[in-house]
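Me: I am new to this structure. Please take me closely through one part of it: how its helices pack, and what lines the pocket beside them.

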Amino acid sequence: MTTDPTVPLFDTLTIIGPGLIGSSILRRALDDRRIARRLIACDISPEVRARVAELGIADVIEADPVAAARDADCVILCVPVGAIAMVAAQVMPVMKPGAILSEVGSVKKTVMDAMEPLLATCPDIAFVPAHPMAGTEFSGPDAGFATLFEDRWCLLTPPENTPASAIARITALWEMMGARVRSMTVEHHDRVCAIVSHLPHLLAFTICGTADDLADETRSEVLDFAASGFRDFTRIAASDPVMWRDIFLNNREALLDMLDRFVADAQAMGNAIRTGNEDVIVSRINRGRAIRRSLIENRQA
């Protein structure tokens, strides 16, 4: 999409839920006013609103999603997956015709299923779901930073019959955020994310729980002598529990399928170690090394 550099992509952009992703969008848009002339942040938490005001990352701060969405050209829902449809039901009836609604959840099929009745009642609102594949273990307005999306993928899953102009504008938004953009179906999205994101988080939470359940003296040694591998798991396991609860429950089928595959592969590796099958062990290690090299070459590590 070609944009006039003197005219912002959106006149008013509203972010509902200025946590890690939402505040990072706001910070980037503050640095690049080609994205939006006016930035509105909305959150139900007085503490979050106060902190957004202190950080100065929005032009307007609202407590009411309806007030925040009424005049927006684009509203992005940066709330937990389980709350997306509920908030959408509040804001869609008041959004102006031709406005775009987006969201940044990391599960799409259940969101789309919940959104379909709402979209039928608000045909003048274009819905363009997006999933920026970027993040840290931190949350809240202080966690955001303007370069979070640099060179990361943002996956779009627009429904059929979504206006091409709306998809082009959301694509342009994420490209201006520094991201690479690709479109896919909701089903494909959820299966991809189950293996590259959701399963690793499930394993990290589980491994940290296993370590915590060890006898007191062993647990103390785990904490004292934690090596880099365990530290990496604890970083992932520090992620927001409400967000990940919603992700696991809303992507349960794809996640459980990938978990079954992982358990089978882990058992095969265990059998190789038990029987001294060096070829299998080395093969698995080499496959992991190759994947790591591919991530580095693709600038995703």
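Reply: What follows goes through three helix pairs and then one pocket. The model is a predicted one.

Start with α4 and α5. Helix α4 covers residues 84-91, and α5 covers 109-121. Their axes lie 9 Å apart, and the packing angle is about 20°. Angles under 35 degrees count as roughly parallel, and α4 and α5 are therefore roughly parallel to each other. The crossing of α4 past α5 is right-handed. Which residues of α4 and α5 meet? From α4 come Ile84, Ala85, Ala88 and Ala89. From α5 come Val111, Ala114, Met115 and Leu118. By class, this contact has 8 nonpolar residues, with no polar and no charged ones.

Now move to α7 and α11. Helix α7 runs over residues 186-212, and helix α11 over residues 252-275. Their axes come within 9 Å of each other and cross at roughly 65°. Here too the crossing is right-handed, as α7 passes α11. On the α7 side, the contact holds Asp190, Arg191, Ala194, Ile195, His198, Leu199, Leu202 and Leu203. On the α11 side, the residues are Ala254, Leu255, Asp257, Met258, Leu259, Arg261 and Phe262. The contact of α7 with α11 divides into 10 nonpolar residues, 1 polar and 4 charged.

Follow α11 onward to its contact with α12. Helix α12 spans residues 278-297. The axes of α11 and α12 come within 8 Å and cross at roughly 135°. That angle makes α11 oblique to α12. The crossing of α11 past α12 is left-handed. In α11, the residues in contact are Asp265, Ala268, Met269, Ala272 and Ile273. They meet Val280, Ile281 and Arg284 of α12. This contact counts 6 nonpolar residues, no polar and 2 charged.

Last, the pocket. How much space lies in the second largest pocket? The volume is about 280 Å³. Its lining has 18 residues, and the closest to its centre are Ile125, Ala126, Phe127, Thr162 and Pro163. Which elements each supply at least two residues of this lining? They are α5, β6 (126-127) and α6 (164-176). So α5, which packs against α4, also takes part in this lining. Helix α6 gives the most, with 3 residues. By class, the lining of the second largest pocket has 10 nonpolar, 4 polar and 4 charged residues.

How values were computed:
Residues are numbered from 1 along each chain as its sequence is written. This is a predicted model: local features need pLDDT of at least 70, side-chain atom pairs count only at pLDDT 80 or more; totals for chains, interfaces and linings use all residues. Side-chain values use heavy atoms; hydrogens and water are left out. On a 1 Å grid over the protein atoms alone, a cavity is a set of points where a 1.4 Å probe fits but cannot get out, and a pocket is an open set with protein on both sides within 12 Å along at least five of seven lines; lining residues have an atom within 4 Å of a point. Grid points are joined across faces, edges and corners, and a volume is the space filled by probe spheres set on the points. Helices (H or I, at least four residues) and strands (E, at least two) are DSSP runs, numbered from the N terminus. Ala, Val, Leu, Ile, Met, Phe, Trp, Tyr, Cys and Pro count as nonpolar, Asp, Glu, Lys and Arg as charged, and the others, Gly among them, as polar. Axes are lines fitted to C-alpha atoms, for helices over the stretch in contact, and angles run from 0 to 180 degrees between N-to-C directions. Angles under 35 degrees count as roughly parallel, over 145 as roughly antiparallel, 65 to 115 as roughly perpendicular and the rest as oblique. A crossing is left-handed if the near helix is turned anticlockwise from the far one by less than a right angle, and right-handed if clockwise. Contact means heavy atoms within 4.5 Å.
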